[in-house]
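Work through the exercises below with the sequence and the coordinates open. Try each task before reading its solution.

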Amino acid sequence: MLNISYMLKLVSPNFSDLFAPNIEIGNFPDGNTHIRIPKLEAYAGKEVTLFHRLYPNQNTAFFELLLILEALKEIESKVTLVSPYLPYARHDKAILEGEITSASVTCNLIARAGCQKLITFDCHFFNEKGEKQYGDLFVQNFSMGEELIAAARELFGQEKFEVVGLDKGAAYLVKNYGNKFLKKSRKAYGEDKIGYRDIEEMAIDFDLAGRNVLLIDDMISTGSTMLAGLEKIKQSGAKKIGVAAVHGLFLAGSAEKIGKMVDFVLSTDTVPSPLAKVSIKEKINKL
Ligand code: R5P
């Protein structure tokens, strides 16, 4: 078990909702990134936990991360990175000839810049909490599923509810709650949508009529998967419906669209947003 409380902490400004930042990040007039770590030498040869989000603005945040890691490598710090949402994690398989699998490349770059371990949450290429080597990087993956379900329990009051995974990828979130998840099929890859397939069908093979339902997934990006799942849940005759996702990116107006269909929407602050009512802070503090 990693004992973060005894380690030196470096906190980026994009983590300031949870911890006081001690890294300065800005821009030169031409847009180039400028970073300063006050008292940098104090971290030389030490174990350091770096808190730096990689979303939103993932490419800029990623370059900032590389600059910080390289500076710490230079002074031989041993760095554990805490990045709660790992961008590019969904692109873990090449479909087209010559396609770069950005999940492994992202992890390799983080490792090669000197990071010894990444701590993240509900990472797409895990489908379970745990730890493993991924490419060159050692990754520890935590899950916020239990915390989201506990928060939903409050919102449903004293009423019982079914916990349903949005698709097979969410099966690990519901395995202790009856193992119910929707069966999703996708269309073929379109030429105009590289690496993306539209949803063909969402199917339910269990009864939800008259029951309260929490529909849960690891993430909501454009919300198209969640909206398709909700259509099905509505048709099934469910009573109250809640939605929970660990990473709430809520692109394309999806927070509003989903909000109109359900009784509540919950996410966590792996990605800060007004719907991020469940915090990772307690879990990070317990590491
Ligand atoms: C898919 O495997 C994931 O678990 C999510 O369901 C998906 O990535 C969400 O994307 P979107 O919100 O764009 O449908």
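The exercises go from the ligand site to salt bridges, burial and backbone geometry.

This is a predicted model, in which local features need pLDDT of at least 70, side-chain atom pairs count only at pLDDT 80 or more, and totals for chains, interfaces and linings use all residues. Residues are numbered from 1 along each chain as its sequence is written, and side-chain values use heavy atoms, with hydrogens and water left out.

**Exercise 1. The ligand shell**

Task: Find which residues come nearest to the ligand, and sort the shell by class.

Solution.
- Step 1. Collect the residues near the ligand (a heavy atom within 4 Å of it). There are 13 residues around the ligand, and Arg-90, Asp-217, Asp-218, Thr-222 and Thr-225 come nearest.
- Step 2. Sort by class: Ala, Val, Leu, Ile, Met, Phe, Trp, Tyr, Cys and Pro are nonpolar, Asp, Glu, Lys and Arg are charged, and the others, Gly among them, are polar. The shell has two nonpolar, six polar and five charged residues.

**Exercise 2. Polar contacts and cover**

Task: State how far Arg-90, Gly-223 and Ser-224 lie from oxygen atoms of the ligand, then find how much of the ligand is covered.

Solution.
- Step 1. Apply the polar-contact test: a pair of N or O atoms within 3.5 Å; within protein, one must be able to donate a hydrogen and the other to accept it, and residues adjacent in sequence count only if both atoms are side-chain atoms.
- Step 2. A side-chain N or O atom of Arg-90 is 2.7 Å from a ligand oxygen. For Gly-223 a backbone N or O atom lies 2.7 Å from a ligand oxygen. For Ser-224 a polar side-chain atom lies 3.2 Å from one.
- Step 3. Of the ligand's own 370 Å² of accessible area (Shrake-Rupley method, 1.4 Å probe; for residues, only the protein chains shown count as cover), the protein covers 90%.
- Step 4. Map the shell onto helices (H or I, at least four residues) and strands (E, at least two), which are DSSP runs numbered from the N terminus. Strand S13 (213–220) and helix H5 (224–235) each give two or more residues. The largest share, four residues, comes from S13.

**Exercise 3. Salt bridges**

Task: Count the salt bridges, then place the pairs Glu-147 with Lys-283 and Lys-184 with Asp-167.

Solution.
- Step 1. Search for a side-chain nitrogen of Lys or Arg within 4 Å of a carboxyl oxygen of Asp or Glu. The whole structure gives 13 salt bridges.
- Step 2. Glu-147 and Lys-283 meet at 2.8 Å, N to O. Glu-147 is in helix H3 (residues 145–155) and Lys-283 in helix H7 (residues 281–285), 136 residues apart.
- Step 3. Lys-184 pairs with Asp-167, with the closest N and O atoms 2.7 Å apart. Lys-184 sits in strand S11 (residues 183–186) and Asp-167 in the loop between strand S9 (162–165) and H4, so the pair ties together parts that are 17 residues apart in sequence.
- Step 4. Check burial: buried means under 20% relative accessible area, exposed over 50%, partly exposed in between (1.4 Å probe, protein chains only). Lys-184 is partly exposed at 29%, whereas Asp-167 is buried at 8%.
- Step 5. Glu-159, Lys-239 and Lys-240 form a network of salt bridges.

**Exercise 4. A buried threonine**

Task: Is Thr-120 buried or exposed, and which backbone oxygen lies 3.2 Å from a polar atom of its side chain?

Solution.
- Step 1. Thr-120 is in strand S6 (residues 115–121).
- Step 2. Its relative accessibility is 0%, so Thr-120 counts as buried.
- Step 3. The backbone oxygen belongs to Pro-84.

**Exercise 5. Backbone geometry**

Task: Locate a cis peptide bond and two residues other than glycine with positive phi, Lys-39 and Asp-122.

Solution.
- Step 1. Recall the background: most residues other than glycine have a negative phi, and most peptide bonds are trans.
- Step 2. The cis bond joins Tyr-55 and Pro-56, with omega about 0 degrees. Pro-56 is in the loop between strand S4 (47–51) and helix H1 (58–74).
- Step 3. Lys-39 has phi near 55 degrees. Lys-39 lies in the loop between strand S3 (33–36) and S4, and counts as exposed because its relative accessibility is 70%.
- Step 4. Asp-122 has phi of about 35 degrees. Asp-122 lies in the loop between S6 and strand S7 (130–134), and counts as buried because its relative accessibility is 2%.
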